[in-house]
Amino acid sequence: MSLTEQEELGLIFFHKRKKLSLLQGDVAKMVGLEKPTISSYECGVVKNIALSTRIKLAQALDLSLEEILYESEKDCLKLRRFKE
């Protein structure tokens, strides 16, 4: 059984948060969200997290931009780099 893109992103957030010894509430405060929202992201139940929110989460969790992009966004980024 393969994971959805949302579940994979949720696992990235979860594992990085644990590695940094942060609670969901800590991350929620850092990015201006509620704890249940962070939980929903980590469980992969949110189909599309806004890019601006993912950027805030990346900053809070010390993740790179590429780690928080959806595949379609990565493809678009690759295409733009190819055209340059």
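**Exercise 1. The surroundings of Glu42**

Task: Apart from its neighbours within four places in sequence, with which residues is Glu42 in contact?

Solution. Leaving those neighbours aside, Glu42 is in contact with Gly10, Leu11, Phe13, Phe14, Arg17 and Gln24. These contacts are taken from a predicted model.

The next step is to place the residue. Glu42 belongs to helix α3. Its relative accessible area is 10%. Buried means under 20% relative accessible area, so Glu42 is buried.

The last step concerns one partner, Gln24. The side chains of Glu42 and Gln24 are joined by a polar contact of 2.9 Å.

**Exercise 2. The partner, Gln24**

Task: Is Gln24 buried or exposed, and in which helix is Gln24 found?

Solution. Begin with the location: Gln24 is found in helix α2. Next, consider accessibility. Gln24 has a relative accessible area of 16% and is therefore buried.

Then list the contacts. With neighbours within four places in sequence left aside, Gln24 is in contact with Arg17, Lys35, Ile38, Ser39 and Glu42. Arg17 is also among the residues in contact with Glu42.

**Exercise 3. The buried face of α2**

Task: Which residues of helix α2 are buried, and why do they line one face of the helix?

Solution. Helix α2 covers residues 24-31, and within it Gln24, Val27, Ala28 and Val31 are buried. Seen down the axis of α2, these buried residues fall within an arc of 105°, so they line one face of the helix. A general property of helices helps here: an α-helix has 3.6 residues a turn, so residues three or four places apart point the same way.

It remains to ask what this face meets. The buried residues of α2 pack against α1 (5-19), α3 (35-43) and α4 (51-61). After α2 comes Gly32, whose phi is positive, near 75°.

**Exercise 4. The two sides of α3**

Task: Which residues of α3 are buried, and which exposed residues does the face turned away from its buried side carry?

Solution. The buried residues of α3 are Ile38, Tyr41 and Glu42. Seen down the axis of α3, they fall within an arc of 95°, so they line one face of the helix. The face turned away from this buried side carries the exposed residues Pro36 and Cys43.

The buried residues of α3 pack against α1, α2 and α4. Just after α3, Gly44 has a positive phi of about 75°.

**Exercise 5. Ile38 in detail**

Task: What is the relative accessibility of Ile38, and with which residues is Ile38 in contact, leaving aside its neighbours within four places in sequence?

Solution. Ile38 is in helix α3. At 2% relative accessibility, Ile38 counts as buried.

With those neighbours set aside, Ile38 is in contact with Gln24, Val27, Ala28, Val31, Leu33 and Leu57. Four of these partners can be recognised from Exercise 3: Gln24, Val27, Ala28 and Val31 are buried in α2.

A distance completes the description. The C-alpha atoms of Ile38 and Gly25 are separated by 8.0 Å, and the two residues are 13 residues apart along the chain.

**Exercise 6. The cavity**

Task: Which residues line the largest cavity, and which helix supplies the largest share of the lining?

Solution. First, the count: there is one cavity of 30 Å³ or more. About 30 Å³ of space lies in the largest cavity.

Secondly, the lining consists of Phe13, Arg17, Val27, Ile38, Tyr41, Glu42, Leu57 and Leu61. By kind, six of these residues are nonpolar, none is polar and two are charged.

Thirdly, the sources: α1, α3 and α4 each supply at least two residues of the lining. The largest share, three residues, comes from α3.

**Exercise 7. Positive phi outside glycine**

Task: Where do Ser21 and Asp62 lie, and what is the phi of each?

Solution. Start from the general rule: most residues other than glycine have a negative phi. Ser21 has a positive phi, near 55°, and is a residue other than glycine. Asp62 likewise has a positive phi, of about 55°, although it is not a glycine.

Now locate them. Ser21 is in the loop between α1 and α2, and Asp62 is in the loop between α4 and α5 (65-68).

Finally, consider accessibility, where exposed means over 50%. Ser21, at 66% relative accessibility, counts as exposed. Asp62, with a relative accessible area of 59%, is exposed.

Note on methods:
Residues numbered from 1 in each chain as written. Predicted model: local features only at pLDDT ≥ 70, side-chain atom pairs only at ≥ 80, totals over all residues. Heavy atoms only, no water. Buried < 20%, exposed > 50% of the residue type's maximum accessible area, 1.4 Å probe, protein only. Helix = DSSP H or I, 4+ residues; strand = E, 2+ residues; numbered from the N terminus. Arc of directions from axis to C-beta. Contact = heavy atoms within 4.5 Å. 1 Å grid on protein atoms, 1.4 Å probe; cavity = no way out; pocket = protein on both sides within 12 Å on 5 of 7 lines; lining within 4 Å. Points joined across faces, edges and corners; volume = space filled by probe spheres on them. Nonpolar A, V, L, I, M, F, W, Y, C, P; charged D, E, K, R; others polar. Polar contact = N/O pair within 3.5 Å; in protein donor to acceptor, adjacent residues only side chain to side chain.
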